Amino acid sequence: MADEALSAGAVARRLGVAVTTLRTWHQRYGLGPSEHVPGHHRRYTPADLARLEIMRRLTGEGVAPAEAARWARQAPAVLPPDRLGLKARTSTVRDGGGTTIPVGRAGPVARGLARAAMRLDSVTIGGTIADSLAADGVVATWEGLLRPVLAGIGERHAATAGLIEVEHLMSRCVSEALASVARAHPTTGPPRILLSCADEEQHSLPLEALAAALAESGVSYRMLGARVPVAALVEAINRTGPAAVVLWSHTRATADPHQLSALLAVPRRPLLVLAAGPGWRADSLPAGVVRPVDLAEALSLAVAVRDSLDQSAAG
């Protein structure tokens, strides 16, 4: 990353945010440009950019902006971007794939999968995912392999506005692999869990991972998929009477808590309503709604509901 100071527009493009967002972060949280040349607009230094990258990453993970800003301001101003992990995300390799995808602390299998994704090598992608699912199961594969690579692709897209083709190919390969798990573990009996994305929510892969994990655990379910209007979801609940409903939201824009309130008010109210995904704010959830922290907890809660119903029926 070059050491020159940058304009607000250049910083916005690098971070994948709007210029108005930068202004808000500056006015509300003091994360503004620090270089000032008389007669010119202030410009962002590499240290400013590093702090803003921390702010963007934390808010994207659901951390409250004020808390994210506090962490960002604590980043040492003297550290160059490579010490904060930023330079690694802009480095390149010559493995047929161009720019690398960051996978954090994930292991060599994740790094290999990321390289295959950059090459658009769907055969290697599919084989790597299938091997991991067979050896480690859905939850471990999602947490240790798929989520780091998908998150890395998202980071690169946010920083460069590129890799759309990589994201689409990777998403299709992941979806196909998860669907194969569900087909390999057919369940019997009435579906107990209803899975749905929030209204206008299009990111369904984590919900597909939960569906595959449920199938692997022998828990019957129904999957409604992406962008389900709340009226349609309420109708599905009234018609099928699920024991639990999982409503997934990836972003704050789709996490309207009124959708959850509507589920709690249906005549055939589920025993458990789960608000899954980083879009939901814990302090905005209606009473009676549970927010699982990860895929493993969501699966555990669903299994507990199934077991409770089975015990009641046996008694």
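In this predicted model, L120 is partly exposed, with a relative accessible area of 40%. The residue sits in the loop that joins α5 to α6. Beyond its neighbours up to four places away in sequence, L120 touches E165, V166 and L169. For one of these, V166, the C-alpha atom is separated from that of L120 by 6.4 Å, although the two residues are 46 places apart along the chain.

The helices on either side of this loop lead naturally to the nonpolar interior. The largest nonpolar core has 53 residues, and I125, I129 and M170 are those with the most contacts inside it. At least two residues of this core are supplied by each of α5 (108-118), α6 (122-160), α7 (164-184), β1 (193-197), α8, β3 (244-248), β4 (272-276) and α11 (295-314). The largest share, 10 residues, comes from α6. M170 illustrates how these parts meet: setting aside residues up to four places away in sequence, M170 touches L113, A117, I125, I129, L146, V149, L150 and I153. A second core, separate from this one, holds 19 residues, among them A198, V234, L264 and V289.

Attention can now turn to the sheet. Five strands form an open sheet in the order β2-β1-β3-β4-β5, and their pairing is parallel. The edges are taken by β2 and β5 (289-290), each of which has a single partner strand, so one side of each is left without a neighbour in the sheet. In general, strands of a sheet pair through backbone hydrogen bonds, in either a parallel or an antiparallel sense. Here, β3 and β4 pair in the parallel sense over five bridges. A244 has L272 of β4 as its bridge partner, and W248 stands opposite A276, also in β4.

The strand β4 is mostly covered, with five of its five residues buried. In a regular strand, side chains alternate between the two faces of the sheet. Both faces of β4 are covered, with L272, L274 and A276 buried on one side and V273 and A275 buried on the other. Elsewhere on the sheet, helix α8 lies across β1, β2 and β3, and runs at about 165° to β1.

The loop that follows this helix offers a good view of a buried polar side chain. S220 lies between α8 (205-216) and β2 (221-225), and counts as buried because its relative accessibility is 5%, below the 20% cut-off. A polar atom of the S220 side chain lies 2.7 Å from the backbone oxygen of P190. P190 is one of several residues in contact with S220: leaving aside neighbours within four places in sequence, the list comprises T187, T188, G189, P190, P191, R192 and I193.

Charged pairs complete the picture. Side chains of opposite charge can pair when their charged atoms come close. The model contains eight salt bridges, including one between the side chains of E53 and R56, with an N to O distance of 2.9 Å. These two residues both belong to helix α3 (residues 46-60), where they are three residues apart, about one turn of the helix. Both E53 and R56 are buried.

Another salt bridge within a helix joins the side chains of R147 and E143, again with 2.9 Å from N to O. Both residues lie in α6, four residues apart, which is about one turn of the helix. R147 counts as partly exposed at 42% relative accessibility, and E143 is partly exposed with a relative accessible area of 22%.

A further salt bridge brings together the side chains of R227 and E200, with an N to O distance of 2.8 Å. This pair links distant parts of the chain: R227 is in the loop between β2 and α9 (230-240), E200 is in the loop between β1 and α8, and the two are 27 residues apart. R227 is partly exposed, with a relative accessible area of 42%, while E200 counts as partly exposed at 45% relative accessibility.

Notes:
Residues numbered from 1 in each chain as written. Predicted model: local features only at pLDDT ≥ 70, side-chain atom pairs only at ≥ 80, totals over all residues. Heavy atoms only, no water. Buried < 20%, exposed > 50% of the residue type's maximum accessible area, 1.4 Å probe, protein only. Polar contact = N/O pair within 3.5 Å; in protein donor to acceptor, adjacent residues only side chain to side chain. Contact = heavy atoms within 4.5 Å. Core = buried A, V, L, I, M, F, W, Y, C linked by side-chain atoms within 4.5 Å. Pairing = 2+ DSSP bridges. Axes fitted to C-alpha atoms, helices over the stretch in contact; angles between N-to-C directions. Salt bridge = Lys/Arg side-chain N within 4 Å of Asp/Glu carboxyl O.
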